[in-house]
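User: Please take a close look at one part of this model, the interface between the two chains. What holds the two sides together on paper, and which elements take part?

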Amino acid sequence: MFIIYCPYCCEYREEEEFHPKGQAHIERPKDPEACSDEEWGDYLFFRDNPRGVHHEMWVHAAGCRKFFNVTRHTVSYKILETYKMGEKPSVTAESVAATTATPESVQKEGVRA
Amino acid sequence: MSKVATFDTRAEADLPVATPMAYSFAHSGAPAVTPQSRVVLRERPLQGHLILRGGAIVLDEAVRKVLGINLPGEPQALTLDESGQRSVQWLSPDEWLVIVPDGEAFELETALRHELADAHYAISDVSGGQTLLELEGEGATEVLMKSVIYDVHPSHFKVGKGVTTVFAKATVILRRPSETRWELVVRRSFADYTYRWLLDAGDEFAIGVER
Ligand SMILES: [Zn+2]
């Protein structure tokens with residue numbers, strides 16, 4: 001069970017009030033007519049599936065009904081931060097790699113969780 | 001004044017009106033209030049419910065002028081007028097719920113539209129889509145603890161707070177206008193479900209229905 005901080009309601013709420021909505025920060029090709037089929041296909045169908053830090057969109061479905069972003073560790077399931085739409089994450093794969101000693105330590109933590 | 005077409009949803013003709021709870025009172029039972037009742041349930045029927053959407057600053061100015069209440073800018077906040085009959089509740093960063101007594105909604109909507117003029121906003125009359133239930137009594141908090149996932153302990157849920165959350169398998173807007181009273185704004189289509197759930201959950205507190 002997650003307790004998720006909604007950046008719009010400004011408080012922690014139970015997971016039951018939220019829905020995950022897939023990968024965040026996907027940029028629509030500026031000019032769809034001009035981009036290649038491959039670029040359009042990537043935009044439409046292909047998503048990252050990293051082992052580690054992942055940025056996702058969630059919606060506070062039973063609460064304020066706003067979309068926001070969640071940075072979540074896909075191994076430990078730990079939510080590292082939540083932030084509003086239009087904002088940039090402060091926790092990224094790079095920033096986590098720089099602060100944690102080894103990838104193994106993160107993995108073990110995940111097994112425990 | 002904007003060019004939006006509006007109309008008063010209350011018919012001028014003297015037609016019989018029924019609230020969503022009318023069906024429930026007739027079909028799902030309504031236990032009487034007894035001296036043993038630690039919770040009392042009542043409906044505040046046929047209130048005017050308006051949803052305001054737009055920027056907080058623009059709406060605040062209009063609401064203060066027309067209704068004399070501040071638009072709550074803080075999340076989860078609920079403000080009432082002196083009589084306690086009119087309220088404005090924060091629902092999301094650009095959305096508020098206004099509840100006023102029966103017959104005031106259209107007049108209020110018209111006045112707000114006049115005040116807001118060409119500003120970027122939306123007002124929807126949702127009076128027909130939801131109703132207001134009240135829970136009162138020392139057992140009310142415990143009935144809610146059995147029903148909603150939100151923490152309703154008085155230390156966390158202070159007077160003047162209102163949240164949208166999960167109630168059993170439905171959603172509810174839960175508000176605490178005073179120390180002893182809780183308000184539930186429920187959708188019309190879930191009204192009977194919510195009502196029957198409350199009767200069941202309140203059974204151990206000898207819940208009574210005031211009509
Ligand atoms: Zn929220």
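Analyst:
**The interface of chain B and chain A**

About 1200 Å² is buried between chain B and chain A, and carbon and sulfur atoms give 47% of that area. This is a predicted model. Its scores are ipTM 0.91 and pTM 0.91. For chain B, the mean pLDDT is 95. In that chain, 99% of residues reach 70 or more.

Now the contacts. Chain B brings 19 residues, which touch 13 residues of chain A. Polar contacts link eight residue pairs between chain B and chain A, counting pairs with both residues at pLDDT 80 or more.

Next, the elements on the chain B side. Two of them, β4 (87-92) and β8 (161-167), each give two or more residues to the side that touches chain A. Of the elements of chain B, β8(B) gives the most to this side, with five residues. By residue class, the side of chain B that touches chain A divides into nine nonpolar, six polar and four charged residues.

Charge pairing comes last. The rule finds three salt bridges across the interface of chain B and chain A. One of them joins Glu11(A) to Lys161(B). The closest N and O atoms of Glu11(A) and Lys161(B) are 3.4 Å apart, within the 4 Å cut-off for a salt bridge. On the chain B side, this salt bridge involves Lys161(B), and β8 of chain B spans 161-167.

In short, the interface of chain B and chain A combines three salt bridges with eight residue pairs in polar contact, and β8(B) gives the most residues on the chain B side.

Terms used
Residues numbered from 1 in each chain as written. Chains lettered and ligands numbered in written order. Predicted model: local features only at pLDDT ≥ 70, side-chain atom pairs only at ≥ 80, totals over all residues. Heavy atoms only, no water. Contact = heavy atoms within 4.5 Å. Buried area = accessible area lost by both parts, 1.4 Å probe. Salt bridge = Lys/Arg side-chain N within 4 Å of Asp/Glu carboxyl O. Polar contact = N/O pair within 3.5 Å; in protein donor to acceptor, adjacent residues only side chain to side chain. Helix = DSSP H or I, 4+ residues; strand = E, 2+ residues; numbered from the N terminus. Nonpolar A, V, L, I, M, F, W, Y, C, P; charged D, E, K, R; others polar. pLDDT = per-residue confidence, 0-100.
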